[in-house]
Amino acid sequence: MLTLIDRLERDRTLPKGDLVALIDGRGPESEAYLAARAREVRDRVFGKGVFLRGLLEFSNHCRNDCLYCGIRKSNRVVGRYRLGQEEILACCAEGHALGFRTFVLQSGEDPHYTDTYVAEIVSSIKNAFPDSAITLSLGERGHDAYALWKKAGADRYLLRHETRNPGHYARLHPASMSLPNRLGCLRALRGLGYQVGCGFMVGSPYQTTGHLAEDLLYIKELSPHMVGIGPFIPHKDTPFASMPAGDVGLTLFLLGMIRLMEPNVLLPATTALGTLDQEGREKGVLAGANVIMPILTPPGVRGKYLLYDNKICVGDKAAECRLCVARRMFGVGHMVDQSRGDHPGFRPGGPA
Ligand code: SAH
């Protein structure tokens, strides 16, 4: 196993069969070795700084019906909310005062936010805080919308591909959604010059190690600026309510593999990881992650953006989350870095 890890670090990829063997053969020794290699690679590129992103969940309305997601259209129990432009700006102002220089605007796929309305929101944030980056995470839209938002000032776009395997994709999503369309969105975003993030859930229902290997090879192919992975966690009002949650150890192992495959990548230790394990985000950073995304969503609606059960921080205020992550990172020998935190290879203005 250790020679496979050395080969992964040297070649930055492995044939699918070797990726599967490495994942399936993992144990305490390979976990410790991989994490140590991933930390060294991460430290060489980024040092001990962990980039901060303020996550603003501005709408939980969704036209989609992903089987795993708590805010899916068919969930009639959710209290739905939307934040208006002024509320969004007020959250960003609070976040800016707390030291955030990246705002991640995330929502369900909500057509209420038309292409032009989103552009208006983006440019108003950009005008108010020209030193800050804007990341959008609004799901699938057309090329023209993505182009408009880029022109309005959006810098980055997160769109997890969810799984690279078409059969697996079809078991997680309604027939109206298509993997080629999702991958096409990622290609379009990249072509428009966004810093782009793909990603997947670890331990989503029906996932095999072969699927994970395909996900890793897809990351290699797309070579994104960011990769978001976190464990699947069931939500009680979805068809996957009784499915088991993903494994924290496996998630950490995959974070390490991704760090070796893409040394410069921006890799968050996610809220889902922190939900399954009280110290999940610290462990994520110790496994090779270098980004943390505290929640900026206003307390009044936080408890309504529940993609999965038992989400952490829903009772906290933005300032508390900001302090809490600083303390947590400090506790494991890191510090939060308050710069924009662009990808090292990113050239402002041009396609990356
Ligand atoms: N509507 C946007 C944002 C989706 S929410 C979009 O389509 O991109 C962000 C991510 O949360 C999803 O991409 C998915 O990977 C993850 N997620 C959704 N439900 C989850 C669950 N039950 N457990 C863990 N992660 C989940």
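Modeller: Strand and helix labels such as E7 are DSSP runs numbered from the N terminus (helices: H or I, at least four residues; strands: E, at least two). The model is predicted: local features need pLDDT of at least 70, side-chain atom pairs count only at pLDDT 80 or more, and totals for chains, interfaces and linings use all residues. Residues are numbered from 1 along each chain as its sequence is written, and side-chain values use heavy atoms, with hydrogens and water left out.

Biologist: What makes the largest cavity a cavity and the largest pocket a pocket?

Modeller: On a 1 Å grid over the protein atoms alone, a 1.4 Å probe fits in a cavity but cannot get out, while a pocket is an open set with protein on both sides within 12 Å along at least five of seven lines. The largest cavity holds about 980 Å³, and the largest pocket about 190 Å³.

Biologist: Which element gives the largest share of the largest cavity's lining?

Modeller: E7, with five residues. Lining means having an atom within 4 Å of a grid point, and 50 residues qualify, with Gln106, Ser137, Arg160, Glu162 and Leu307 nearest the centre.

Biologist: How do you know where the ligand sits?

Modeller: A molecule sits in a cavity if more than half of its atoms lie within 2 Å of its grid points; the ligand takes the space of the largest cavity.

Biologist: What makes the arginine 160 and serine 107 pairs polar contacts?

Modeller: The cut-off is a pair of N or O atoms within 3.5 Å. A polar side-chain atom of arginine 160 is 3.0 Å from a ligand oxygen, and a polar backbone atom of serine 107 is 3.0 Å from a ligand nitrogen, so both pass.

Methods
Points joined across faces, edges and corners; volume = space filled by probe spheres on them. Polar contact = N/O pair within 3.5 Å; in protein donor to acceptor, adjacent residues only side chain to side chain.
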